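Let's take a walk through this fold, strand by strand and then into the core. Keep the 3D view open while you read.

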Amino acid sequence: MRTAYSVETVRAAERELMGRLPDGALMRRAAAGLAAACAGMLGRTYGSRVVLLVGSGDNGGDALYAGARLARRGAGVSAVLLSPEKVHEGGLAALRAAGGRVLVAPGAVVEGESAPVEPVIARADLVVDGIVGIGGKGGLRPVAVELTDAVRAPVVSVDLPSGVDADTGEVRGVAVRADATVTFGAYKPGLLADPAREHAGALRLVDIGLGPYLPPDPVVEALQHADVAALLPRPGAESDKYRRGVVGIVAGSARYPGAAVLAVSGALRGGAGAVRYVGPAADAVIARHPETLVSAGPPSKAGRVQAWAVGSGLGDDKDRLRDVLAADVPLLIDADGLRLADEAALRARTSPTVLTPHAGEAAALLGWEREDVEARRLAATRELALRTGATVLLKGSTTVVADGGSAGERGGGPAEAAPVRINPTGTGWLATAGTGDVLAGLVGALLAAGLNGRDAASVGAYVHGMAGRFAPRPAGASDVAEALSTAWKDLLAG
């Protein structure tokens, strides 16, 4: 599992560790890892041309010390100082001692070579972004933008791409787009969440010994293959359809019968022991999935279920939604159900509830602009979970899961008690009509199998993302539903 900590937490851990180490030891550890990553990207260090874009403080110091290591291995290293008066003196001295060249950015009035820096940057084989550290806020200054515009080579960012917010993942202005980011001690939340994640490139974590000084609970976590495999429900020798979980699907309408078919497909491929369908699209559902148990309704009269999934293609049918809201079993609400559900009714529920909005739906529920939700995905998901008391799965380029402490989850504890989860398996191929309906059925099946809301949402997002990768290109929602079986097989194989 990847775990991420806030800037404040990371800095506190660094201070505690530095108090136990000789001066400069922590920076040298970071620089060694950074230099190794750069050498790996270069392939051949000797004779290569490396440019360091160096800002003030320790981030620039990491770049300078790493540059000194590369220079000692035969690379031609040039450092461009954006804030010469605030440069890390020890790192600068190390680079000069190793034979590195020092230039100053346009507009800097200090001692240093005055040669034009843009041609040097343009000829580089690798550029190291050490402009802004993890405490930086806002986009790049104009001089930094001018320098990064000259880059033609792959870029390695130090700790995080300059111009992104380490805690929130926001990008307020121009930011570096790195091919790789080498981060130290712990992941930062912004490296895992869009829009910042898109700027980070391939991530590499360098262990500098912070582990013992970090708290047990991160602010953000990302499940990995083994974590999801361990959570998957597996039938035992004594299993029957009820032990495996019966999920009820309330979806579809005269206008959107396909939504019902897709939600049922997701539930069946999600491992449900049985699926009960309630709605007007029964003929279409049975034609595609004859094993489905259908009912004319209302949902409360359909028979035994361990969870409900409601909303996909529902239209304006408030009666069916009201019926499942009153059920004392776990509930997933998607699409039209989100528009029709009352916030007070959500908070009044005594069983776990999962909401699965996309950015537009989340914006409507929060009273935000859609652009704000997309720019602040972590904050938006946390806020919606806190308001509703539900587990919220925010769909999009980064799928985010936040737990609002709904009944049956953690005894009604605060949302901050559980780390926000970020799904790492998303793909743009899922951006097609109907895939959200498949996800709704899948997560509903996992709720019926006994997973709590947070785990059901997280596992569902992960498996759904895998299916998007396994499906043919280009893929429709039906293809994604079929590929869920391949994703399950891959996970169960370990």
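## β2 and its two neighbours

Strand β2 and strand β5 (residues 126-130) line up in the parallel sense, with 5 bridges between them. If you want a spot to click on in this predicted model, try Val50: its bridge partner in β5 is Leu126.

β2 also pairs with strand β3 (residues 76-81); those two run parallel as well, joined by 6 bridges. Here Leu52 is a handy marker, with Ala79 as its bridge partner in β3. Add helix α3 (residues 57-72) to β2 and β3 and you have a β-α-β unit, which is right-handed.

## Is β2 buried or exposed?

How many of the 6 residues of β2 are buried? The count is 5, so the strand, which spans residues 49-54, is largely enclosed by the rest of the structure. A residue is called buried here when its relative accessible area is under 20%.

## The 11-strand sheet

Now move to another part of the view. There is an open sheet of 11 strands with mixed pairing, and its order reads β1-β9-β18-β17-β16-β15-β14-β13-β10-β11-β12. At the edges sit β1 (2-4) and β12 (293-295), each of which pairs on one side only. Going from one strand to the next, the twist averages 20 degrees.

For a look at one pairing inside the sheet, pick strand β16 (residues 391-394) and strand β17 (residues 400-403): they are antiparallel and share 4 bridges. Thr391 has Asp403 as its bridge partner in β17. Helix α11 (residues 257-269) packs on the sheet, where it touches β10 (246-250) and β11 (274-278). The direction of α11 makes about 165 degrees with that of β11.

## Two nonpolar cores

Which residues touch the most other members of the largest nonpolar core? They are Leu34, Leu52, Trp308 and Ile333, out of 95 residues in that core. Helix α2 (residues 25-42) supplies the largest share of this core, with 10 residues. Leu52 is worth a second glance, as this is the residue with Ala79 as its bridge partner in β3.

Ile333 has plenty of company. Leaving aside residues up to four places away in sequence, Ile333 touches Val310, Leu325, Leu338, Ala341, Leu346, Thr353, Val354, Leu355 and Thr356. There is also a second, separate core, made of 55 residues, and among them are Ala272, Ala282, Leu451 and Leu491.

How values were computed:
Residues are numbered from 1 along each chain as its sequence is written. This is a predicted model: local features need pLDDT of at least 70, side-chain atom pairs count only at pLDDT 80 or more; totals for chains, interfaces and linings use all residues. Side-chain values use heavy atoms; hydrogens and water are left out. Buried means under 20% relative accessible area, exposed over 50%, partly exposed in between (1.4 Å probe, protein chains only). Two strands pair if DSSP finds at least two bridges between them. A crossover is right-handed if, with the strands pointing away from the viewer, the path from the first strand over the helix to the second runs clockwise. Axes are lines fitted to C-alpha atoms, for helices over the stretch in contact, and angles run from 0 to 180 degrees between N-to-C directions. Contact means heavy atoms within 4.5 Å. A nonpolar core is a set of buried Ala, Val, Leu, Ile, Met, Phe, Trp, Tyr and Cys residues joined through side-chain atoms within 4.5 Å.
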